[in-house]
Amino acid sequence: MRWSRALIPTVKETPKDAEVASHSLMVRAGMMRKVGAGIFNYLPLGWKVVQKVAQIVREEMNKAGAQEILMPVLSPAELWMESGRWFVYGKELMRLKDRHEHDYVLGPTHEEVVTDLVRREVQSYRELPLCLYQIQTKFRDEVRPRFGVMRGREFSMKDAYSFHATPEDMVKYYGVMRDTYVNIFTRCGLDTRVVIGHSGAIGGKIAEELMVLADTGESVVLACPDASCGYTATDETAHGVVTHAEADEQPRPLEKIHTPGKETIEDVTAFLKKTPAQTVKALLFRCDDKLAVVFVRGDRDVNPAKLHAVVQGFEIEIADAAFIESKKAAGVVPGYCGPLGIKPEHLLFDETVRHVVNGIVGANEPDYHLVNFNVSRDVPDAQFHDLVLQVKGDGCPRCGTPMVTFRGIEVGNIFQLGTKYSEALKANFLDEGNAEKPMFMGCYGIGVTRTVAAAIEQHHDANGIIWPRAIAPYDILLQPLAVDNADVARVTGELEAALEKRGYDLLVDDRDAKPGFKFKDADLIGIPLRVTISPRSLGEGKVEVKRRCDEKAVLIPLEGAVEKIIETYHTCP
């Protein structure tokens, strides 16, 4: 491909709405353009990368015995009502009506559709196991689309679904998929970790995520540094051991004190000359239409995923003033909320509260707090749960070693669904004894477009993208300088023909532009190997070769240049 004929509209300016490197660089490198919030056009350069990632996914999925199909983006609401997710999926589900006022869904995932397909086509244990996958456009009505294609409303995803006659076979194939995912991301040139994940709206008791390590990642991962332990989980799912200060004082009588205008932990502790760990704070959540008041130690926060597991409400969000006002009968006073005398639908205590001696809590009266609160004495029927968000330094739940944290980008997830969907949609089979049983299912997703963005987050510098060789839009960039020079044109043409004959995908920058301009564009789009042909280097019988991951170029003799270029290309990461 000649650059002069390609649509690669590079730009110098960083987009105003770009918060992460991948968003900025995908726009600046001419890979994509915004259509609306969380919706993008993929230009030729960007689409080539997406296709390369998709091809790696296809090859590895096929190798694992999965079969590719294509399901519709649009599915009838009846399937979602049958599974129960129409009512619990939440506001991210893109719902619409047709001209006949029938309800439909733009699929964020396809468990219902694929289970409906299999229940119609598979009847016997002899037809199992079966794994079907697709690479398809998905839709999620994100409340705040951001980070370019990493959190968009429309995106490309590979979703696979396996069906089994026994739970043992489901678990076995789950392991095959875990290995397959590791292979996929290794081939894409990405440094990834498998971590314990949260099943969320998909469901299932066991879930893991594939995380690309990146400082700009949205996800926080906690890990045990002891290699023999290996515990690794997202902060949504991580459990751990919270350190508690040993208190040698005895419980003192409860006392109400005046704390005028002191509504936050910071204000209260400063006013009373205490530390946050000596307080018990209340966090108020809306769980569907119920009010949940959760008490935790003042220096910790609630993990919404853990709260969800306890209250079994899918729509969980911070309660706003209007919702709290609608629950006036609960007796909650925001800013001064304490556990005594309130009656919310859910009154919960984190385990950390057990260890607070003579703590400070709200008095459920404006401008007043209680001191010397001891939960075992003052709320003897308190229900305790693990609700805290784990942080760096908490003890590993397996071995107790203080955990470390790193940031990552979720690019893949795998789930053991069990019979969640097969029972709801009656996807049954006849076993060897001719008895009807529900199929056991697994599901496995990869964000294809998200993987492209994650690769950029992990592989870039101040000048632009540094593509891993396997997913780069082109293999080699030929960059002639002084394009009107006859010798430059001849050598460029000879190299182009020889390399293309050997099967390499080339971009030839044949634009009549200044060297500095062309070099900056080359660094920006990030092709693994650049070969520069100039009158000066040809005068020495040489051409210049530079790997994108290196700072300096090297001159190689024109004689044997093709073999040397190929050899250098294969040393690119």
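This passage describes a sheet with the helices that pack on it, and a contact between two further helices, in a predicted model.

The sheet is open and contains 5 strands in the order 28-27-29-30-31, with mixed pairing. Its edges are formed by strand 28 and strand 31 (554-557), each of which pairs on one side only. From one strand to the next, the twist averages 25°.

Within this sheet, strand 27 (residues 476-480) lies between strand 28 and strand 29 in the strand order. Strand 27 runs parallel to strand 28 (residues 506-508), to which it is joined by 3 bridges. Across this pairing, leucine 477 stands opposite leucine 507, and leucine 478 stands opposite valine 508. Strand 27 also runs parallel to strand 29 (residues 529-533), and here 5 bridges join the two. On that side, arginine 530 of strand 29 is the bridge partner of leucine 477.

The connection from strand 27 to strand 28 involves helix 13 (residues 486-501), and these three elements make a right-handed β-α-β unit. Two helices were examined against the sheet. Helix 13 packs on it, touching strand 27, strand 28, strand 29 and strand 30 (542-547), and the direction of helix 13 makes about 165° with that of strand 27. Helix 14 (residues 515-525) likewise packs on the sheet and touches strand 27, strand 28, strand 29 and strand 30; its direction makes about 175° with that of strand 27.

The surroundings of strand 27 are reflected in its burial. Both of its faces are covered, with Ile476, Leu478 and Pro480 buried on one side and Leu477 and Gln479 buried on the other. Because 5 of the 5 residues of strand 27 are buried, the strand is largely enclosed by the rest of the structure.

A separate contact involves helix 1 (residues 21-28) and helix 12 (residues 448-458), which pack at an angle of about 105° with their axes 8 Å apart. The two helices are therefore roughly perpendicular to each other. In this contact, Ala21, Ser22, Leu25 and Met26 of helix 1 meet Val452, Ala453, Ile456 and Glu457 of helix 12. By character, the contact residues comprise 6 nonpolar, 1 polar and 1 charged.

Helix 12 is itself mostly covered, as 10 of its 11 residues are buried. The buried residues include Val452, Ala453, Ile456 and Glu457, the residues of helix 12 that meet helix 1. Also buried in helix 12 are Val448, Thr449, Arg450, Thr451, Ala454 and Ala455.

How values were computed. Residues are numbered from 1 along each chain as its sequence is written. This is a predicted model: local features need pLDDT of at least 70, side-chain atom pairs count only at pLDDT 80 or more; totals for chains, interfaces and linings use all residues. Side-chain values use heavy atoms; hydrogens and water are left out. Axes are lines fitted to C-alpha atoms, for helices over the stretch in contact, and angles run from 0 to 180 degrees between N-to-C directions. Helices (H or I, at least four residues) and strands (E, at least two) are DSSP runs, numbered from the N terminus. Angles under 35 degrees count as roughly parallel, over 145 as roughly antiparallel, 65 to 115 as roughly perpendicular and the rest as oblique. Contact means heavy atoms within 4.5 Å. Ala, Val, Leu, Ile, Met, Phe, Trp, Tyr, Cys and Pro count as nonpolar, Asp, Glu, Lys and Arg as charged, and the others, Gly among them, as polar. Buried means under 20% relative accessible area, exposed over 50%, partly exposed in between (1.4 Å probe, protein chains only). Two strands pair if DSSP finds at least two bridges between them. A crossover is right-handed if, with the strands pointing away from the viewer, the path from the first strand over the helix to the second runs clockwise.
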